[in-house]
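Biologist: I am new to this structure and would like to be led through it slowly, one question at a time. Please begin with any term that I will need along the way.

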Amino acid sequence: MARSLLCRAVGVFRLSGTSTPLTGTRFYSPTEPEPLTVRQQSNGIRRIILNNPKKRNALSLSMLESLRENILTDVDSDDLRVVIISARGPVFSSGHDLKELTSAQGREYHTKVFHTCAEVMTLIQDIPVPVIAMVDGVATAAGCQLVASCDVAVATEKSTFATPGVNVGLFCSTPAVAIGRAVPRKVAMEMLLTGAPISAHDALLHGLISKVVPEERLEEETLAIAQRVCQASRPVVALGKATFQRQMAQGRDAAYATASKVMVDNLALRDGQEGIRAFIEKRKPVWSNKAEKAHD
């Protein structure tokens, strides 16, 4: 899966192991001199930062294309263990850039915007490493969809979430795909029908996010989750994430059948056996981080 995804990448290039912004292809808005996203990587953790606060980090076509590249670049590298998506400014993301959705752009352009958005949201769930949203501020419409699409989401107490498209004549149908799979149906429908924002604590209560923290602890708490992911075997995490995605789309009996087969496959991995041996021997496991088999 990851290899086929990588073939769709734009401008693939090798990442360094530093925590400073990396060089390579960058996407610029016609009116903004700064890159729309900034990518950093260190110790297995990739940071992708939405970097257009003047436009409320709107998910313009250029922003989506930049985000897609940053997700896909070297996605199969053993050095990549987890991705964190965050944003600069008081708005995580306000969703699509409505200036791109006027009649002046036309149907073909609109189709490209929503196709690219769907591709990015799907990639987040399909790549072999976990993706964490680090939210400090407002996430609306497709910005809320982005949060819902991530595997884990940590938000500050001041963060809010909404799907206000109905108020501007554009019902949030595409955000509903991700949000409706994250929160109970009636909660999703109230958000979609009214456009009213919900608080971070309500978002946590309904399952849209994973954790609410004080603003000053957001970075620390998010990195702690990422670092714990990095301690696990990469192929085991990748197998588990892919299985969970399949299970969520299956009925109970099919989900158990899928999960049972994958557990047996997991046991056949060298790292699966290493983890069991380490537990029995009361020591820390030494992962190979390779999808090698211990037995057939």
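Modeller: For two helices, an angle under 35 degrees counts as roughly parallel, and one over 145 degrees as roughly antiparallel. Please keep in mind throughout that this is a predicted model.

Biologist: At what angle do α3 and α4 pack, and are they roughly parallel or antiparallel to each other?

Modeller: The axes of α3 and α4 lie 9 Å apart, and the angle at which these helices pack is about 20°. With a limit of 35 degrees for the parallel class, α3 and α4 are therefore roughly parallel.

Biologist: Which residues of α3 meet α4, and how many residues of this contact are charged?

Modeller: From α3 come Cys-117, Met-121, Ile-124 and Gln-125, which meet Ala-142, Gln-145, Leu-146, Ala-148 and Ser-149 in α4. Sorted by character, the residues of this contact of α3 with α4 comprise six nonpolar and three polar ones, and the number of charged ones is none.

Biologist: How are α2 and α3 arranged, roughly parallel or antiparallel?

Modeller: Helix α2, residues 61-72, packs against helix α3, residues 106-126, at an angle of about 30°, and their axes are 10 Å apart. That angle makes α2, relative to α3, roughly parallel.

Biologist: Is the crossing of α2 and α3 left-handed or right-handed, and which is that of α3 and α4?

Modeller: Where α3 passes α4, the crossing is right-handed. The crossing of α2 and α3, by contrast, is left-handed.

Biologist: How many residues are charged in the contact of α2 with α3?

Modeller: On the α2 side the contact includes Leu-61, Glu-65 and Arg-68, and on the α3 side it includes Tyr-109, Lys-112 and Glu-119. The residues of this contact of α2 with α3 divide into 11 nonpolar and one polar, while the charged ones number four.

Biologist: Turning to the open sheet of six strands, which strands stand at the edges?

Modeller: This sheet has mixed pairing, and its strands follow the order β1-β2-β3-β5-β7-β10. Two of these strands have a single partner each, so one side of each is left without a neighbour in the sheet, and these are β1 (37-42) and β10 (211-213).

Biologist: In β3, which residue is the bridge partner of Leu-50?

Modeller: Strand β2, residues 45-50, pairs with strand β3, residues 82-87, in the parallel sense over six bridges. In β3, the bridge partner of Leu-50 is Ala-87.

Biologist: Which helix lies across β4, β6 and β8?

Modeller: These strands belong to an open sheet of four strands with mixed pairing, in the order β4-β6-β8-β9. Its edge strands, each pairing on one side only, are β4 (91-93) and β9 (198-199). The helix in question covers residues 142-149 and runs at about 100° to β6, and its name is α4.

Biologist: Which residue in β6 does Val-91 stand opposite?

Modeller: β4 and strand β6, residues 138-140, are joined in the parallel sense over two bridges. Opposite Val-91, in β6, stands Val-138.

Biologist: Are α9 and α10 roughly parallel or antiparallel to each other?

Modeller: Helix α9, residues 234-248, and helix α10, residues 252-268, have axes 10 Å apart and pack at an angle of about 170°. The angle is over 145 degrees, and α9 and α10 are therefore roughly antiparallel.

Biologist: Finally, over which residues is the pLDDT below 50?

Modeller: The mean pLDDT of the protein is 89, and 89% of its residues reach 70 or more. One stretch has 58 contacts in the model beyond near neighbours in sequence, yet its pLDDT is below 50, and it covers residues 1-26.

Methods: Residues numbered from 1 in each chain as written. Predicted model: local features only at pLDDT ≥ 70, side-chain atom pairs only at ≥ 80, totals over all residues. Heavy atoms only, no water. Axes fitted to C-alpha atoms, helices over the stretch in contact; angles between N-to-C directions. Parallel < 35°, antiparallel > 145°, perpendicular 65-115°, else oblique. Left-handed = near helix turned anticlockwise from the far one by under 90°. Contact = heavy atoms within 4.5 Å. Nonpolar A, V, L, I, M, F, W, Y, C, P; charged D, E, K, R; others polar. Pairing = 2+ DSSP bridges. pLDDT = per-residue confidence, 0-100.
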